[in-house]
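Me: I would like to go through this model in short steps. Please keep the answers brisk and end each on what I asked for.

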Amino acid sequence: MALLEIRNVTRRFSNYTAVDNVSISVKAGEFFTLLGPSGCGKTTLLRMIAGFDLPDSGQILLDGNDMVGTPPEKRPVHTVFQTYALFPHMTVADNIAFPLKMAGKATQEIKTRVGEALESVRLPSFGNRFPHELSGGQKQRVAFARGLVNRPRLLLLDEPLGALDAKLREEMQIELINLQKELGVTFVFVTHAQDEALALSHRIAVMNHGIVEQIDEPSRIYSFPRNRFVADFIGKISMMSAQVVEAAPSHLKLDVKELGEVTAVGKAGVKTGDTGVMAIRPEQVRISHLSDEPRLKNHFPGKVHDFLYVGDVTTYIVELSNGAYIEALLPNSAPGRAKFFEVGDQVGVSWRHDAGIFLND
Amino acid sequence: MIKGVKGETKDARIARFLVGGPPLLFLLVFFVAPSLIMILTSFRFPGEFGGLAPITAPEDMTIGEYGITSEAYQFFFSDVLYAKIFLKSFLMASATTLICLVMAYPLAMLIARSEKRFRNLMVLLVVLPFASNFLIRIYAWMIILGPESGLSHFINAVLGIFGIAPITLLFSPFAVLVGMVYVHLPFMVLPLYTNLEKHDPSLLNAAQDLGANAWQRFWRVTWPLSLPGVFSGSALVFIPVLGMFAVPEILGGTGDILIGNLIKDQFLGTRDWPFGSVLSIMLTLAVLSIAGLATWFSRFATRQGTV
């Protein structure tokens, strides 16, 4: 049985529907992420799981029990807030002890567990400090410790890494994964950062305008987005208008406007004659000097329009003969060189027959 | 008072003196100097018809005393009556502060948690009584608490049911307390509101999320965080009440005088300026030590929390 079961939950505000008939089930021990742009309903959903908001219809079940009548303080669910919300008048130890005190634990047990919690977030000697004496990353760790110390059935994390700089963020991501693995607590994580979602989660629910667009493992979300929104929101992708000319279970033959025939990976439910886009990730696109490569399937000439050097990789924007642009990513394997191709170079781009995906309109 | 700030340019230093100078000068002339004059006055003899006796004996001096003396201090400590009036004043100030706090806290919380566009209007309503004259408002209480008022009739009617003899509300310590609370309530509401309004609502959400019920959220989060507001509000009520003479004079009976009345009498009634100065100095010392204690305690409490 799923630990958390969200069944057909809808939440309407006066002029819009924030969460629209959403059903999600989260397994015990899972690191589950709600991903979407701001206003997609992910935070509203999180607030309803925590109990700060109630669904207009639908059910939220935890261990099979409907939580709707239970106030936040009675739910075995704790939240790590975006702003950390550490109590400024309490020491780190008192902050972490707070949920234990509220639960009426014995003084000796509180002391032991606070010590363990501080240990687990690698801040063993910080118990007597006040929040204002901590750095952003330390505050973050205290917030995690406070959320986890009373071993909630479910820990909700509301964009907890949003306020940290990039470097620290990456560190905290790794710590968060380890913490979750160690303690085995089920996490429901909310973020708008797709890279973070991909890096942390066991499964992701991509949300948009109050509905769930796709629920899947990170690699499947990335490689096989169900629709154009998911494809566009997660990672970079090039899209070109296309029509299906042949639909087989293993592959699709697409007519890409003015480019000709392209083979793409097969997809259930797609019929001959469907219109949509052919989408391809930049790292799936090979780029070579035009003369180098023998003519293959999915091989098209173009010229380098622009490039973007970010250190480890360079993204080339190639203008194809039909006027469409396609992005190709190349690792910079030659030291000291920022690029392999110059703007204006005549190049060929190609991709594996199963790299392109077709997305219906 | 003014400390040099490291790395400050000359212009900035001049600017700081231009800005900080006038108020500093004002305090020197109208607070420090009078206090010194008062201390000097307390060591003199009272003049025959008020004022002070000369320090050196004039040619035709036949009665009265002159020179420097600590007689006024001896007089203050020789009679327990004055200590009693001090104690009574402190009790009155404490009771007023406590009642103001209990009344102001929910009001300040209500204002701080209502919608932003209503807040300024509500604050305006709190300070609106200041628009009419202070004495008129106190005299109004004379009517409200007077023997012919609806309130008096009602209370005595209720007491009558239980066979209790009628009471008079006016000219009693109760009337003084009511007047004191009424006058000083806004001074408690405003600092509390200013403090509560700044509270981060996510802290209460966090507390609730971590298992705190409504009472625990108040006692563990709101209350300790509001202590600075509680302390400044209490100081703004306690200190003026200690020195207040108008309210006891109008609403109190003959036995209800406080330090303020006593001091006023020494200067305007009995015309014993040195003794009036001694009383003032004692009051100032008492207030300063209480303010010092409060500051220390507030620092201690806000740093330690109450958990």
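Me: How far apart do the end C-alpha atoms of residues 4-234 of chain A lie?
Reply: This is a predicted model, so treat each value as computed from predicted coordinates. The UniProt annotation, from an unreviewed entry, labels residues 4-234 of chain A "domain: ABC transporter". The span is 36% helix and 26% strand. Its end C-alpha atoms are separated by 25 Å.

Me: What distance lies between the C-alpha centres of domain 1 and domain 2 of chain A?
Reply: The domain assignment splits chain A into domain 1 (4-228) and domain 2 (236-360). Their C-alpha centres are separated by 38 Å.

Me: Which element gives the largest share of the side of chain B that touches chain A?
Reply: The contact involves 17 residues of chain B and 18 residues of chain A. On the chain B side, the elements giving two or more residues are α8 (201-209) and α9 (214-243) of chain B. The largest share is six residues, and it comes from α8(B).

Me: How do the residues of the side of chain B that touches chain A divide into nonpolar, polar and charged?
Reply: Take the 17 residues of chain B in contact with chain A. They divide into eight nonpolar, eight polar and one charged.

Me: Which side chains of strand β12 of chain A point to the buried face?
Reply: In a regular strand the side chains alternate between the two faces of the sheet. β12 (residues 251-256) of chain A shows that alternation. A:H251, A:K253 and A:D255 point to one face and are not buried. The buried face holds A:L252, A:L254 and A:V256.

Me: Which residue stands opposite A:L252?
Reply: Strand β11 (residues 238-247) of chain A runs antiparallel to β12(A), with five bridges joining them. A hairpin of three residues connects the two strands. The residue opposite A:L252 is A:A247.

Me: What is the bridge partner of A:H251 in β13(A)?
Reply: Strand β13 (residues 260-265) of chain A pairs with β12(A) in the antiparallel sense, over six bridges. These two strands form a hairpin with three residues between them, and A:E258 in that turn has a positive phi of about 60°. The partner of A:H251 is A:V265.

Me: Is A:Y84 buried or partly exposed?
Reply: A:Y84 sits in the loop between β6 (77-80) and α2 (92-102) of chain A. Its phi is positive, near 70°, though it is a residue other than glycine. Because A:Y84 has 21 C-beta neighbours inside 10 Å, it counts as buried.

Me: Is A:H209 buried or partly exposed?
Reply: A:H209 lies in the loop between β9 (203-208) and β10 (211-216) of chain A. A:H209 is not a glycine either, yet has a positive phi of about 50°. With 15 C-beta neighbours inside 10 Å, A:H209 counts as partly exposed.

Me: Which elements do the buried residues of α2(A) pack against?
Reply: Nine of the eleven residues of α2(A) are buried, so the rest of the structure largely encloses this helix. Among the buried ones are A:I96, A:F98 and A:L100. The elements they pack against are β6, α3 (107-120) and α4 (136-148) of chain A.

Me: Which residue with a positive phi follows α2(A)?
Reply: Look just after the helix. Phi there is near 75°. The residue is A:G104.

Key. Residues are numbered from 1 along each chain as its sequence is written. Chains are lettered from A and ligands numbered from 1 in the order in which they are written. This is a predicted model: local features need pLDDT of at least 70, side-chain atom pairs count only at pLDDT 80 or more; totals for chains, interfaces and linings use all residues. UniProt positions are given in the numbering used here, feature names are shortened, and annotations may be inferred rather than shown by experiment. Helices (H or I, at least four residues) and strands (E, at least two) are DSSP runs, numbered from the N terminus. Domain bounds come from an automatic or database domain assignment. Two residues are in contact if their C-beta atoms, placed from the backbone, lie within 7 Å. Ala, Val, Leu, Ile, Met, Phe, Trp, Tyr, Cys and Pro count as nonpolar, Asp, Glu, Lys and Arg as charged, and the others, Gly among them, as polar. A residue is buried if 20 or more other C-beta atoms lie within 10 Å of its own, exposed if 12 or fewer, and partly exposed in between; C-beta atoms are placed from the backbone. Two strands pair if DSSP finds at least two bridges between them.
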